[in-house]
Structure formats: structure tokens, C-alpha cells
Amino acid sequence: LFRLIPIAIPIFFIGVHGAPKMLMEFLVIAIFYSSVAFGLAHGSIMNVFVQGVGGFAWCILFLKCGGMNGKFCTALCCTTASHALYNMAVYGFGVT
């Protein structure tokens, strides 16, 4: 379920017509609360600062890379590639 929420929020609210300004304010608030819930689902309140902030950044990246304009494939490719690079840095190279 948590895997689909970050993808479903922008697709549901933006659709294929783009996001008006008023909707963007709502999306940022919805992304914030979704990120807090994501961090809490991973453990304690400290996880909100790691997973929650990271999730918020990836949601904003998704919107900026084409999610706001209905280019969901491009946006998903950008966020997936950046998440893969993050995972390589954390797990492959031991960077925290």
C-alpha cells in the first residue's frame, strides 16, 4: 500500500491536464503528511527525519521532473534512478 501512495497521489489529483497553483499547495501539504506517515511506518519518530524527508524530496522530484505536466513515465524514471543511486550510496559504499 505504501508503495502505491506516492505514485497515486499526483496521478489522482493532477490527471493528464497539469496542476493548477491552488492544487499544488494542497499536493505539498498532502505529500508532507504522507511522508510523515511513511517515516512513522518505518519505525519511530526518528525515522520521520530519514525516510520521511527522503520521501518528501522524492515526491517533489517526481512533480518537478514531469509529474505536474502529466509526464508520469519520465517522472518515475527520474525518481527511480535517484532512489537507486541513494541505495547504492547507502548499501554499496556505506555512506549514511
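Mentor: Let's start with a term: a polar contact is a pair of N or O atoms within 3.5 Å, where, inside a protein, one must be able to donate a hydrogen and the other to accept it. Keep in mind that we're looking at a predicted model.

Trainee: Okay, what makes the link between Thr79 and Leu76 a polar contact?

Mentor: A polar atom of the Thr79 side chain lies 3.2 Å from the backbone oxygen of Leu76. The limit is 3.5 Å, so 3.2 Å fits and the pair counts.

Trainee: And why is Thr79 called buried?

Mentor: Its relative accessibility is 11%, and buried means under 20%, so Thr79 qualifies. Thr79 sits in helix α4. Leaving aside neighbours within four places in sequence, Thr79 is in contact with Trp58, Leu61 and Phe62. Phe62 belongs to α3 and is itself buried.

Trainee: Is Ser35 buried or exposed, and how do you know?

Mentor: Ser35 has a relative accessible area of 6%. That's under the 20% cut-off, so Ser35 is buried. You'll find Ser35 in helix α2, residues 21-41. Its side chain reaches the backbone oxygen of Ile31 at 2.8 Å, which is within 3.5 Å and therefore a polar contact too.

Trainee: Which residues does Ser35 touch, not counting those up to four places away?

Mentor: Gly52, Gly55 and Phe56. Looking from the other side, Gly52 contacts Ser35, Gly39 and Asn47, again leaving aside neighbours within four places.

Trainee: What makes Gly52 count as buried?

Mentor: At 4% relative accessibility, Gly52 is under 20%, so buried is the right word. Gly52 lies in α3, and the C-alpha atoms of Gly52 and Ser34, 18 residues apart along the chain, are separated by 8.2 Å. Gly52 is also where a kink of about 30° in α3 is centred.

Trainee: How do you know that the span of α3 agrees with what a helix should give?

Mentor: Helix α3 covers residues 46-64, which is 19 residues; at 1.5 Å a residue the expected span is 27 Å, and the end C-alpha atoms are 27 Å apart, so the two agree. After α3 comes Gly66, with a positive phi near 135°.

Trainee: Which other residues of α3 are buried?

Mentor: Besides Gly52, the list includes Asn47, Val48, Gly54, Gly55, Cys59 and Leu63.

Trainee: Then why is Phe49, in the helix α3, called exposed?

Mentor: Phe49 does lie in α3, but its relative accessibility is 55%, over the 50% that exposed requires, so exposed it is. Phe49 and Gly39 are 10 residues apart in sequence and 7.3 Å apart in space, C-alpha to C-alpha.

Trainee: Zooming out, what makes up the fold of the chain?

Mentor: There are 4 helices and 0 strands, and the pattern along the sequence reads α-α-α-α. Of the 96 residues, 26% are buried. The chain exposes about 6,500 Å², with carbon and sulfur atoms supplying 75% of that.

Trainee: Where is confidence lowest, and where is it highest?

Mentor: The lowest mean, 62, belongs to helix α1, residues 5-14, and the highest, 87, to helix α4, residues 72-92. For the chain, the mean pLDDT is 77, and 73% of residues reach 70 or more. Where pLDDT is low, the predicted coordinates should not be read in detail.

Terms used:
Residues numbered from 1 in each chain as written. Predicted model: local features only at pLDDT ≥ 70, side-chain atom pairs only at ≥ 80, totals over all residues. Heavy atoms only, no water. Helix = DSSP H or I, 4+ residues; strand = E, 2+ residues; numbered from the N terminus. Expected span 1.5 Å × (residues − 1). Bend = angle between axes of the 7 residues up to and from the residue. Buried < 20%, exposed > 50% of the residue type's maximum accessible area, 1.4 Å probe, protein only. Contact = heavy atoms within 4.5 Å. pLDDT = per-residue confidence, 0-100. Areas by Shrake-Rupley, 256 points an atom, 1.4 Å probe, with all protein chains shown as cover.
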